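Please walk me through this structure, with attention to how its helices pack and to the surroundings of a few individual residues.

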Amino acid sequence: MSTPEMIIVETHGATGLIRLNRPAALNALCDQLMQELGAALLAFDADPAIAAIVLTGNEKAFAAGADIKEMKHRTYPAVILDDFIGNHWETVLRVKKPVIAAVAGFALGGGCELAMMCDMIIAADTAKFGQPEINLGVIPGAGGTQRLTRAVGKSKAMEMILTARMMDAAEAERANLVTRVVPADQLIAEAMKVAGKLATLSPIALATAKTAVNRAYEQTLTEGVKTERSLFLALFGTPDQIEGMNAFAEKRKPTFRG
C-alpha cells in the first residue's frame, strides 16, 4: 500500500492507531480518505500482533461530515453504479477486531455515522454529535437513521435528524450514544487504555463477543439468544477457553494466544 496522505497510521504495542488527517477540511470524509482508512483498518485486522484499533481525528473534529464539494456533482445513475457509501465507506463493519472511536470536536453527518459503526465511542467533553443532512436537502445515508435511532431512541433521533440539532458529549452519554466522556486532554490515553485491556484478552473470544452483540440489533430476542448460545458453545475446546478456565481454577492470570 502506498503511503497514505489523509490519515496517520501508528502502532503502539498491540494497538493500531489511525488518525484522520484533513485538518483544513475538519476531516471531511472524501473517497480518498475512506479508501485509505479502509486499507489501514483491514491491514490492522490481518496483523496478528494487533489486538484492537483506535480511530480518531483531532481536537477540532473527529470528522465534520462527508466532503460536500466532492459530493455535490454526483448524479443518481453515478451513485448507483459506483455503489457510493457501500463501496469503501463501510469497511469498518468488516473488521473482526474491536474498533474504538475516540471523538473530540465535531462528529457530524458521515462522521457521526462512522463513529457509530465502531464498537465503542469514547468522547471528549468537547465532542458534538449530529446528523445535519436535512440542511442539504438529503437524509443520512451511511446508517444514521438506523444506528442513531437504535442508540438513542426514536424521539431523540427524529429531532436530531429532522432539525439538525447537535448533541453535546454529556447528553450523548446520557442517551447511550457514547461509552463514556473524558476530559479532552485524556481522550487518546483513555482510548489506548481500553485497547490495552483488550490486548490481554482472548482474540477469538473478543471477535465472537463482538459478533454476538452486533446480532442483537438484527434479530429478535429469541433468535439472538440462539445465536449467542451457539457462539458460546463453539468456544469450548478452543485453546483460549481451556487456558482461561484453567487459569481461573488455578488462581493465576491467563495467557491467551488466539
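The paragraphs below take up helix packing, then the cysteines, and then several residues in loops.

The model is a predicted one, and the account of it can begin with its packed helices. Two packed helices are described by the angle between their axes and the distance between the axes. For helix 4, which covers residues 110-117, and helix 5, which covers residues 144-152, the angle is about 60° and the axes lie 10 Å apart. Angles under 35 degrees count as roughly parallel and those from 65 to 115 as roughly perpendicular, and helix 4 and helix 5 are therefore oblique to each other. Their crossing is left-handed. On the side of helix 4 the contact involves E113, M116 and M117, which meet G144, R147 and L148 of helix 5. By character, the residues of this contact comprise 3 nonpolar, 1 polar and 2 charged.

Helix 5 also packs against helix 6, residues 154-163, and here the angle is about 140° with the axes 7 Å apart. Since roughly antiparallel is reserved for angles over 145 degrees, helix 5 and helix 6 are therefore classed as oblique to each other. The crossing in this pair is right-handed. Helix 5 contributes G144, T145, L148, T149 and V152 to the contact, while helix 6 contributes K154, K156, A157, M160 and I161. The residues of the contact between helix 5 and helix 6 divide into 5 nonpolar, 3 polar and 2 charged. Reading the two contacts together, one finds G144 and L148 of helix 5 listed in the contact with helix 4 and listed again in the contact with helix 6.

How many disulfides does a search of the whole structure find? The search returns 0 disulfides. C30 takes part in none, and the nearest cysteine sulfur to its own, that of C118, is 17 Å away, whereas a disulfide requires two cysteine sulfur atoms within 2.5 Å. C30 is buried, its relative accessible area being 4%. C118 is likewise in no disulfide, with the sulfur of C112 as the nearest cysteine sulfur at 11 Å, and C118 counts as buried at 8% relative accessibility.

Among the loop residues, N58 sits between strand 3 (52-56) and strand 4 (61-63). Its relative accessibility of 22% makes N58 partly exposed, the limit for buried being under 20%. Apart from neighbours within four places in sequence, N58 is in contact with P23, N27 and A104. The C-alpha atoms of N58 and G141, which are 83 residues apart along the chain, are separated by 24 Å.

A104 enters a second relationship, this time with D185: the two are 81 residues apart in sequence, and their C-alpha atoms are 9.7 Å apart in space. D185 belongs to the loop between strand 10 (180-182) and helix 8 (187-198), and at 70% relative accessibility D185 counts as exposed.

Two further loop residues are of interest for their backbone angles. A164, although not a glycine, has a positive phi of about 70°; A164 lies in the loop between helix 6 and strand 9 (167-168). N176, also a residue other than glycine, has a positive phi near 70°, and N176 is placed in the loop between helix 7 (169-174) and strand 10. Are these residues buried or exposed? At 15% relative accessibility A164 counts as buried, whereas N176 is exposed, with a relative accessible area of 59%.

How values were computed:
Residues are numbered from 1 along each chain as its sequence is written. This is a predicted model: local features need pLDDT of at least 70, side-chain atom pairs count only at pLDDT 80 or more; totals for chains, interfaces and linings use all residues. Side-chain values use heavy atoms; hydrogens and water are left out. Axes are lines fitted to C-alpha atoms, for helices over the stretch in contact, and angles run from 0 to 180 degrees between N-to-C directions. Helices (H or I, at least four residues) and strands (E, at least two) are DSSP runs, numbered from the N terminus. A crossing is left-handed if the near helix is turned anticlockwise from the far one by less than a right angle, and right-handed if clockwise. Contact means heavy atoms within 4.5 Å. Ala, Val, Leu, Ile, Met, Phe, Trp, Tyr, Cys and Pro count as nonpolar, Asp, Glu, Lys and Arg as charged, and the others, Gly among them, as polar. Buried means under 20% relative accessible area, exposed over 50%, partly exposed in between (1.4 Å probe, protein chains only).
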